[in-house]
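Student: I am new to this structure and would like a close look at one part of it. Could you walk me through a single helix and then show me how it fits into its surroundings?

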Amino acid sequence: AWKFLGRAHYIQENDSAAEEAFEKAVKLDPKNAEAWKFLGRAHYIQENDSAAETAYQKYVKINPFDKDIYGYLLEVLVKDSCVKNMLPILDDVLSLKDAGIDFKAFIHFMRAFVFLYQQDRTPFLKDLNDATKLLKELAEENRHEILAAVTEFLTETLQKDNINIHRIYVTELRKISTELSGVFRPLAFVLDYFEAVFSAEKDKKAKTDKAQRILDSITSEIREPVEKMINKIRQNL
């Protein structure tokens, strides 16, 4: 009941009440994975980042195969400049005996991002290549599900001061295969857009005009995903 009350408050954007309800839910039922996940989101919205990290880690121990949670956790750690804390978590879940090829591919993509964030290029490239090798073993539907999850966590973690990290990551991905190049084309436009928005150009109108020209150059087939990603990043910022 407390969990569902928390979700009701969450939907109504009554954040402190949601946080309180989810805290009561996990106290009554510490193994309720969904309650921990929502508590993490509520903490994050309230800018209680250390508590959000703790809640997400509790969720990971109960349900380690939910790909979304690693994006949420990485979002918190990027914000707090504690990305290195992600590696032990990823190493643990990678060693799980029930981890399938799709899950392992996704975790390698995550590890690659963490290594790149730490400016450790050799393991970054190794994990990126390990991930793409595993992708080749998957059916097309599963492959695109993983790439969608990668796009999601890249979107969630994009900040003004780490846009170059995302640029390198996407550039390397697009070098690997024509399939990856096509999948990450919308995100490449998103990066172009935010590079214009975050540029050192002092004239605000000039920056806005340049960003708008980038949007105007996008074909109709990818305009919708680009605009969705831009809106999500604006909310995160």
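Tutor: Happy to. One term first: two residues are in contact when heavy atoms of theirs lie within 4.5 Å. With that in hand, take the contacts in this protein with a separation of 6 or more: residues 24 or more positions apart account for 60% of them. Please keep in mind that this is a predicted model.

Let us choose helix α6, which covers residues 86-94. Its buried residues are Met86, Leu87, Ile89, Leu90, Val93 and Leu94. Looking down the axis of α6, you would find these buried residues within an arc of 160 degrees, so they line one face of the helix. A general point helps here: an α-helix has 3.6 residues a turn, so residues three or four places apart point the same way. What lies over the buried residues of α6? The cover includes α4 (49-62), α5 and α7 (101-117).

Each of these covering helices leads us a little further. Begin with α5, which runs over residues 67-79 and holds Tyr72. Tyr72 has a relative accessible area of 17%, and because buried means under 20%, Tyr72 counts as buried. Leaving aside residues up to four places away in sequence, Tyr72 touches Lys37, Arg41, Tyr56 and Glu156. For a sense of distance, the C-alpha atoms of Tyr72 and Leu138 are separated by 25 Å, and these two residues are 66 apart along the chain.

Next comes the stretch that leads into α4. The loop between α3 (33-45) and α4 contains Glu47. Glu47 is not a glycine, yet its phi is positive, at about 60 degrees. In general, most residues other than glycine have a negative phi. Glu47 is also exposed, with 63% relative accessibility.

Back in α3 you can find His43. In contrast to Glu47, His43 counts as buried, at 5% relative accessibility. Apart from residues up to four places away in sequence, His43 touches Glu19, Glu23, Asn48, Ala51, Ala52 and Ala55.

Now for α7. Gln119 sits in the loop between α7 and α8 (121-135). Gln119 has a positive phi near 60 degrees, although it is a residue other than glycine. With a relative accessible area of 74%, Gln119 is exposed.

Let us also visit the surface. Trp2, Leu5 and Leu28 make a nonpolar patch of about 300 Å² there. Trp2 belongs to helix α1 (residues 2-11), and its relative accessible area of 34% makes it partly exposed.

Finally, step back to the whole protein. It has 14 helices and 0 strands. Its radius of gyration is 19 Å, close to the 18 Å that the globule rule gives for 237 residues, so the protein is as compact as a globular protein of that length. Along its principal axes, the C-alpha trace spans about 50 × 45 × 30 Å. Of the 237 residues, 48% count as buried. The protein exposes about 12,400 Å², and carbon and sulfur atoms supply 48% of that area.

To return to your helix: α6 has its buried residues on one face, and the helices that cover them include α4, α5 and α7.

Methods:
Residues are numbered from 1 along each chain as its sequence is written. This is a predicted model: local features need pLDDT of at least 70, side-chain atom pairs count only at pLDDT 80 or more; totals for chains, interfaces and linings use all residues. Side-chain values use heavy atoms; hydrogens and water are left out. Helices (H or I, at least four residues) and strands (E, at least two) are DSSP runs, numbered from the N terminus. Buried means under 20% relative accessible area, exposed over 50%, partly exposed in between (1.4 Å probe, protein chains only). The arc is that of the directions from the helix axis to the C-beta atoms. Patches are made of residues with over 30% relative accessible area and no salt bridge: like charges are joined within 9 Å, nonpolar side chains (Val, Leu, Ile, Met, Phe, Trp, Tyr) within 5 Å. Accessible areas come from the Shrake-Rupley method with a 1.4 Å probe; for residues, only the protein chains shown count as cover. A salt bridge is a side-chain nitrogen of Lys or Arg within 4 Å of a carboxyl oxygen of Asp or Glu. The radius of gyration is taken over C-alpha atoms; the globule rule is 2.2 Å times the number of residues to the power 0.38.
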